[in-house]
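Me: I would like to learn how to read the features of a structure, one at a time. Where do we begin?

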Amino acid sequence: MSELSEADISALVRENDTYPEQVWYTIATFLFIVGCFQWGSLVYSKFARRRHHDSDEETATTNDIQYKFSLHRIPLAIINVYRVVAFRWTLEIGQSYTLNMAEVFVTVAYIALLLIYAFINTTSVEGQKLDIIYWSNRIAMLASSQFPIVTALGTKNNLVSLVTGISYDRLNYVHRMMARTCFMLLWVHAAGEVFTESFRETLNEDWLRVGITAMVAFSILIIVSLRPVRSDVYEVFFYVHFLGVLIFLVGGYYHTKGAHGSYWIWPSFVFWAFDRFIRVVRLVVFNHSYFGFKSGTGTMDATTELLSEDIVRLCLRRPQHFHWSPGQTAYLIMPSVSTLPFEAHPFTIASFDSTSGAPFWKELVFLVNVHGGFTKKLKEVFVDGPYGPSSDLSSYDTSVFGQVSLFLSVIESVRKGKSSCKRVVFIWSIRGADYVKWIEEALVKAVQLAPSSLTVSHPYLDTGSPSMSQSMEEDSSLSSPTEKKGTPEQVVTRKGRSDLDALLKEEVSMASGSMSVSARAVRHALRFPVSGPSSILSGGPSVTLYVESFGYA
């Protein structure tokens with residue numbers, strides 16, 4: 001290791017200041033480009049909906065699908081190729097991790113960006129290449145500069161979601177990836193410092209001890225954030241995450257203060273505090289009677305019904321100013337049964353916010369998997385939400401999904417003339433006849449309201465035992481759509497142990513125009529050749545896949 005000259009010191013200070021800023025500019029540019037595409041796609045979908053309405057009268061006279069090869073569909077074919085390659089091709093890592101190619105690209109590009117800036121121009125004035133004094137502190141400064149955005153990506157109310165139009169839950173992978181990349185860089189920094197001559201001399205310094213404590217906390221946090229741990233003992237992860245981040249950021253702030261790098265750390269506290277402030281405000285506004293502001297309509301008392309041995313239906317009376325969109329989630333807080341007073345757990349809202357007044361329309365409904373502890377003691381509830389994306393399906397000719405709220409939303413949109421949808425397919429995986437009865441009233445009411453121009457199909461996929469399948473076939477209420485009072489003839493019901501992949505491919509083969517699929521674990525069914533360029537150029541449907549990324553893990 002060479003001795004530092006004045007030229008070395010000058011270069012170190014300049015690069016430690018400018019390189020993190022250049023990384024930020026690069027990331028900001030990338031986010032801006034993503035935002036332009038996201039918001040542009042949203043605007044395009046609005047115009048596409050209008051074009052569909054304008055052409056409805058021209059296409060209403062025929063139901064036959066005639067595929068014709070057309071070069072005018074080349075841009076649409078390119079878009080579908082991008083969708084398939086970026087979001088439906090996946091990389092399997094063991095049994096726990098599945099990354100799509102877009103996530104792989106972002107991961108590789110981000111790691112490469114930080115490593116390039118960490119190790120370029122690390123030749124000292126004396127000519128020593130990869131001088132440890134050059135890259136050791138710089139790599140730590142680069143990692144420190146990333147913690148404001150890492151923190152922001154871990155919150156529900158953040159600027160990144162506003163700029164890019166991507167909801168917080170879909171950015172959560174990027175949050176974890178960036179945190180783990182910074183963890184790797186900080187350990188490289190630590191290893192480099194151990195081999196310096198000054199390490200033993202400074203071991204008794206407070207700033208170094210605080211830094212070591214911060215890294216120990218960060219290491220424990222990274223271990224408990226691994227998916228097998230998160231999914232099995234989520235509450236342990238939740239508490240360790242909160243304490244670990246607090247210890248790490250406080251320790252990191254004091255550790256970097258002497259090197260004039262603490263200005264990268266303190267914005268993390270601001271972003272976290274801003275998110276908590278917004279959440280508290282929402283909590284008070286939507287649960288105001290609990291806080292003594294008003295009684296009656298603001299009281300979210302929960303009523304529960306045990307639908308099966310592992311499913312509870314939770315219904316809440318909500319204030320009139322609480323609104324949500326199909327597919328969104330909410331965090332339920334139950335102070336009387338939680339370990340901590342404001343321990344929050346996420347659940348998808350199963351009902352639809354509408355003015356129809358029918359069951360599942362105006363009340364706030366959750367279908368909760370009872371898996372121990374928290375969900376077995378449902379009583380008094382606070383609601384924090386809604387959060388997450390809501391797919392705009394109004395511009396699609398065909399929509400396939402498995403959420404009750406989306407089903408009700410599309411039917412009402414078609415009734416009100418806000419959607420150009422011609423066919424909806426509601427697919428629900430169930431384990432027996434009793435499971436259908438949870439939502440049968442809502443489904444029957446929905447299809448009764450469906451206009452004659454809309455074809456409704458609701459095949460249910462039996463994942464239970466053969467005996468359950470037999471009981472379903474013997475249940476007269478499920479045997480035929482004509483046996484459901486008031487059910488329109490255009491509704492098609494299928495029973496039995498169906499193959500989801502085959503069902504989706506069949507729907508694609510029958511569709512034309514634009515098609516949306518909102519479901520999990522169906523990426524492989526919508527790859528080439530189903531959504532390939534030859535299919536699109538020949539008049540096949542342009543398929544958009546919406547995958548719910550929300551969950552405990």
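Reply: We begin with burial. A residue counts as buried when its relative accessible area is under 20%. Keep in mind throughout that this is a predicted model.

Me: Take Ser 516 as the case. Is Ser 516 buried or exposed?

Reply: Ser 516 has a relative accessible area of 0%, which is under the 20% cut-off, so Ser 516 is buried. The residue is found in strand β15, residues 514-518. Not counting neighbours within four places in sequence, Ser 516 is in contact with Leu 393, Tyr 396, Thr 398, Ser 399, Val 400, Thr 544 and Tyr 546.

Me: What share of the protein's residues count as buried?

Reply: Of the 553 residues, 48% count as buried. The protein exposes about 27,600 Å², and carbon and sulfur atoms supply 61% of that area.

Me: How many helices and strands are there?

Reply: The secondary structure comes to 18 helices and 16 strands. As for the contacts with a separation of 6 or more, residues 24 or more positions apart account for 73% of them.

Me: How do I read a buried residue that lies in a loop? Use Leu 526.

Reply: Look up the place in the chain, then the accessibility, then the partners. Leu 526 sits in the loop between β15 and α18 (533-537). Its relative accessibility is 0%, so Leu 526 counts as buried. Leaving out residues up to four places away in sequence, Leu 526 touches Val 84, Arg 88, Val 508, Val 517, Ser 531, Val 543 and Leu 545. Separately, the C-alpha atoms of Leu 526 and Asp 501 are 8.3 Å apart, with the two positions 25 residues apart along the chain.

Me: And a buried polar side chain? Which polar partners does the side chain of Asn 80 have?

Reply: One is a backbone atom: the oxygen of Leu 76 lies 2.8 Å from a polar atom of the Asn 80 side chain. Another is a side chain, that of Ser 542, joined to the side chain of Asn 80 by a polar contact of 2.9 Å. Asn 80 is found in helix α2, residues 74-88, and counts as buried at 0% relative accessibility. Beyond its neighbours within four places in sequence, Asn 80 is in contact with Ser 531, Ile 536, Ser 542 and Val 543.

Me: Now sheets. What holds strands together in general?

Reply: Strands of a sheet pair through backbone hydrogen bonds, either parallel or antiparallel. Here, three strands form an open sheet in the order β6-β5-β8, with antiparallel pairing. The edge strands are β6 (344-348) and β8 (382-387), each pairing on one side only. From one strand to the next, the twist averages 25 degrees.

Me: How many bridges join β5 to β8?

Reply: Four bridges join strand β5, residues 329-333, to β8. Within this pair, Tyr 331 stands opposite Asp 384 in β8. Helix α11 (residues 266-286) packs on the sheet and touches β5, β6 and β8; its direction makes about 120 degrees with that of β8.

Me: How do I read the packing of α11 against another helix?

Reply: Read the distance, the angle and then the residues. The axes of helix α10 (residues 234-257) and α11 come within 9 Å and cross at roughly 145 degrees. From α10, the contact uses Phe 242, Leu 246, Leu 249, Val 250 and Tyr 253, and from α11, Trp 266, Ser 268, Phe 269 and Trp 272. These residues divide into eight nonpolar, one polar and no charged.

Me: Which strands form a hairpin?

Reply: β1 and β2 do, with three residues between them. In the turn, Gly 94 has a positive phi of about 65 degrees. Strand β1 (residues 90-93) and strand β2 (residues 97-100) pair in the antiparallel sense over four bridges, and Thr 90 stands opposite Asn 100 in β2.

Me: Finally, how many residues of strand β4 are buried?

Reply: In strand β4, residues 311-316, six of six residues are buried. Ile 311, Arg 313 and Cys 315 point one way, while Val 312, Leu 314 and Leu 316 point the other way. β4 pairs with strand β7 (residues 364-369) in the antiparallel sense over six bridges, and the bridge partner of Ile 311 in β7 is Asn 369.

Methods: Residues are numbered from 1 along each chain as its sequence is written. This is a predicted model: local features need pLDDT of at least 70, side-chain atom pairs count only at pLDDT 80 or more; totals for chains, interfaces and linings use all residues. Side-chain values use heavy atoms; hydrogens and water are left out. Helices (H or I, at least four residues) and strands (E, at least two) are DSSP runs, numbered from the N terminus. Buried means under 20% relative accessible area, exposed over 50%, partly exposed in between (1.4 Å probe, protein chains only). Contact means heavy atoms within 4.5 Å. Accessible areas come from the Shrake-Rupley method with a 1.4 Å probe; for residues, only the protein chains shown count as cover. Two strands pair if DSSP finds at least two bridges between them. Axes are lines fitted to C-alpha atoms, for helices over the stretch in contact, and angles run from 0 to 180 degrees between N-to-C directions. A polar contact is a pair of N or O atoms within 3.5 Å; within protein, one must be able to donate a hydrogen and the other to accept it, and residues adjacent in sequence count only if both atoms are side-chain atoms. Ala, Val, Leu, Ile, Met, Phe, Trp, Tyr, Cys and Pro count as nonpolar, Asp, Glu, Lys and Arg as charged, and the others, Gly among them, as polar.
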